[in-house]
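Q: Could you take me through one part of this protein up close, staying with how its pieces fit together? I would like a connected picture rather than a list.

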Amino acid sequence: MSTTIEPVVQSHKQTTKIPSATIRFAGDSGDGMQITGDQFTRTTALLGNDIATFPDYPAEIRAPKGTLAGVSAFQVHFSSEDIFTPGDQLDALVVMNPAALKTNLSDLRKGGILICNSDGFEKKDLELAGETENPLNSQVLEDQYQLFKVPMNKIVEIALKELKAAGMSTKEIDRCKNFFALGLVYWLYGRDMDATIRFLQAKFGNKPQIIEANTKALQAGWNYGETTDAFVSNYKIDPAHLPPGKYRDINGNQAMAWGLMTAAKLSDKELFLGSYPITPASDILHELAKFKNMGVRTFQAEDEIAAITSAIGAAYGGAMAITTSSGPGIALKGEAIGLAVMLEIPLLIINIQRGGPSTGLPTKTEQADLFQAIVGRNGECPLPVIAARGPGDCFYVAQEAWRISTRFMCPVMILSDGYIANGSEPWLIPSMKDLRKIPVTHAPEQIDGSKFLPYKRDEYLSRPWAIPGTKGLMHRIGGLEKQDVTGNVNYEPDNHQHMTNTRAQKVENVALEIGPQEVEGPESGDVLVLSWGGTYGACRTAVEACQGQGLKVAHAHLRWLNPFPSNLGDVLKNYKKVLIPELNMGQLRTFIRSKYLVDAIGFNKVKGRPFAIAELIAEIKRVLPK
Amino acid sequence: MANDIAPALTSADFASDQDVRWCPGCGDYSILAQMKKVMPQLGIPREKIVFISGIGCSSRFPYYMNTYGMHSIHGRAPAIATGLKCVRPDLQVWVVTGDGDGLSIGGNHFLHLMRRNVDLKILLFNNRIYGLTKGQYSPTSPLGKINKSAPMGVIDNPLNPLSVAIGAEATFVARSIDVNIKHLGEVLKRAAEHKGTAFVEIYQNCNIFNDGAFDYATDKVSKFDTTVELEHGKPLIFGKNKNKGIRLNGTEPEVVELGKGISEDDLLFHDEKAPEPTLAYLLSRMRHPEFPEPIGVFRAVDHPKYDVELNKQVETAREKKGPGDLDALFNSGETWTVG
Ligand SMILES: Cc1ncc(C[n+]2csc(CCOP(=O)(O)OP(=O)(O)O)c2C)c(N)n1
Ligand code: SF4
């Protein structure tokens, strides 16, 4: 359904115009905060604001209710200007219980709006959060923030008393309080409730009582803002000046799935996904599984090894083959990735990175699998590595990776991360006819009886993709070192050296296809911020802020991590300092330093959270040459 | 698709140009020879046949067949073959594996292949030892066996490959012996013709690291007492003079002598089509020396095949929803227009 920007239900109170706001909903994992954030995002997107979101899930699916470990939060940054991150400091924070207050308050700016569900601050709630005193009674909160104590449970109960009389349970009624909070925030930021009401109708079509209850709670929230004296003013944020066109909201995993299906279509292939569920990659499997009618075959394998090897089998058979996972699963796939490198077969390996080694921080973000992606296998085993920079970019990264994988006959690793995967942003809807075709050819049948040469190479050193079923091309391949051209098993020392060089050169040749590194900002200067992956938005915003202050700072964002663009060395030499911010302990920096002998400076953090723009600005200023 | 215009193929047409590099005397040669003999009888063009193997001596097999082939990584051939078959149901796919490859490192994939019933053939060359890595014990090595990695004898209870396959409800389960060439050829042919996962255990002699492991079953004299050939609908009779049989005593099999008041009708009759895997499992538990070991087809039943079902779902989805339109998908849901 397409909508042009809708009129907002008008508030009669005073409205203050602001350029942007960052808000966060936080509550217990059972409080429905993700749905609330999601609805706010959709509604805000429909109003034409630019948006970036950051859902933050607890590590355990059912962490004990009311505890610090069970806090679930959803952050939305929306603006009348182009934005690239979900924001640093919060302008408004909604908390449903003391645990949510305790874990989120430090991100609220001084003077910011703090809306608390005072009914969630009973004695037992305080105990669960490890509090002895009720923080809502403290003068500190009153002094430092615009504190609103709203008895949400009670108001919702009153608003829904007719439904209660009609038999709705207390538990079901209690569940609606997130929609009350949403309604209140809609009022506060002049959002319209229609889209959410439509959402409720579509989702609970056969449960009219649930639709009615949530709609009433939503309206009660809006009315509360409008009528309660405590709220004197609400805010207005004009639509952003985004490039003209039709938009929708998209998150990284959805964009990745759609990009993969698009790549299949553009290359005239059917898609096979071999995957084993893992957070935060599973949603790609879920999304693709819906599209069997488009020839998508998803295989939920018994483990990650079967996931990738089934994909290798499918690739060998001529399909567009993909495997998706996260770091621990990629670790299991290592040997099979080596096989794909030896087979010289197209294959996409998608790693939605998460935090920490081993099981680490499954629901938190980090970009610490770069070493794993580039060198984490046995033997000399190079492959091209590309990283998405944001949710919408996943759509294009998927296509570019497949183009390279088929052109060069080699597996390609795509890096994304939990932050990109779950975060969403407005997406300018593309049209299939404007997207670049991905030409794929298979070796044709040979009926003259001549011997087929499976490792005969073209100008890029790429070998033919010969698939079973083709007459006259019968051949055997495998992981053992092979003789170039014939593909026969061969252990001769010079041959192994030659094949090792050839496989490496082939990956280097990818640089011929990916174009030069571009730089935003002055072509030379004091500091170059070099970034990759999901830190794009924060780095770009921080660099723009520094440029606005007259500093000679530029930004280069790497899309391909292997190989690097051919001019990267020259670009680096044009700046007095190179700063590499990464959500790891310096992995890109290690490669850059060793390859270009540049004394790059790292700015590193692994806290399961993205960079704040403010901390990046401070760091850029710190490294400025004196 | 029949190969009607081309001249009939011979066993030599299935030999690749590669030198066969197994140790002289290895049982693998005999299996290769039988496979090359069976292939032309199937009437399938060479380009439609794929051999996929893992790692081990047996896994060199694909190099020696003039078909499509992949020598992959240790234990993973079943998963590779599954992926291939899912996208290419038109191909006949064979998996060649060893007892270490298939049951140790690849045990997980083995199980899941069986229960999914993907339409492909899996041959497990069981030599009860690790050949390629030079003589460590395998999951099928008997208790007490002395070898390189168990100098005081194996203490791991061995796995019975057929019991595992039947436990996972494999739809075709058979056993044969490398040197019993006529029998082997027949079993391979039946496996090729089965629709669904066909699992064949082949007793294979590794004359270097475990020579004679199956002498009891291959020795010209003793084999009549140590093996019993399974035939659908026929009683289990064995012995040089066909004078011994297997009878059920409650749920336990027992060896009986015919005559002396026991007739064929008292014996256990083989039913490879029994819907329940119980009988096949019972047969798989009969081990030397207490019992003659059954060879032949233990189980051959019909059941939905994973690759067929997957492709059916694709077809059904296409019928219901049409071929799909990405532009329509991009434009679905809530959208808004700027400018
Ligand atoms: C990941 C991995 N682990 C270990 C090995 C070493 N390896 C190669 S073959 C083999 C055992 C093979 O035994 P089996 O499957 O019985 O085959 P056979 O050689 O007896 O035919 C082992 C342990 C390997 N190649 N890869
Ligand atoms: S080691 Fe054993 S199994 Fe391997 S080739 Fe030699 S005889 Fe055959």
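A: **A strand pair and its crossover**

Happily. Keep in mind that this is a predicted model. In β23(A), P581(A) finds its bridge partner in F603(A). The chain travels from β22(A) to β23(A) by way of helix α22 (residues 587-596) of chain A, making a β-α-β crossover that is right-handed. The two strands, β22 (residues 575-582) and β23 (residues 601-604) of chain A, run parallel and are joined by four bridges.

Now for the aromatic rings. Searching the whole structure turns up 34 aromatic pairs over all chains. One of them involves the helix we just met: the ring centres of F564(A) and Y596(A) are 6.0 Å apart with the planes at 45°, and because tilted pairs are those whose planes are neither under 30 degrees apart nor over 60, this pair counts as tilted. Y596(A) belongs to helix α22 of chain A, while F564(A) sits in the loop between β21 (560-562) and α21 (568-573) of chain A, so the pair ties together parts that lie 32 residues apart in sequence. Both F564(A) and Y596(A) are buried.

For a comparison point in chain B, ring pairs also link W22(B), Y29(B), F51(B), F61(B), Y64(B), W94(B) and F125(B) into a cluster. W22(B) appears again around ligand 2, whose surroundings also include C23(B), C26(B), C57(B) and N127(B). By type, the shell around ligand 2 holds seven nonpolar residues, three polar ones and no charged ones.

Note on methods. Residues numbered from 1 in each chain as written. Chains lettered and ligands numbered in written order. Predicted model: local features only at pLDDT ≥ 70, side-chain atom pairs only at ≥ 80, totals over all residues. Heavy atoms only, no water. Pairing = 2+ DSSP bridges. Right-handed = clockwise from strand over helix to strand, strands pointing away. Near = heavy atom within 4 Å. Nonpolar A, V, L, I, M, F, W, Y, C, P; charged D, E, K, R; others polar. Phe/Tyr/Trp six-rings, centres within 6.5 Å; stacked < 30°, edge-to-face > 60°. Buried < 20%, exposed > 50% of the residue type's maximum accessible area, 1.4 Å probe, protein only.
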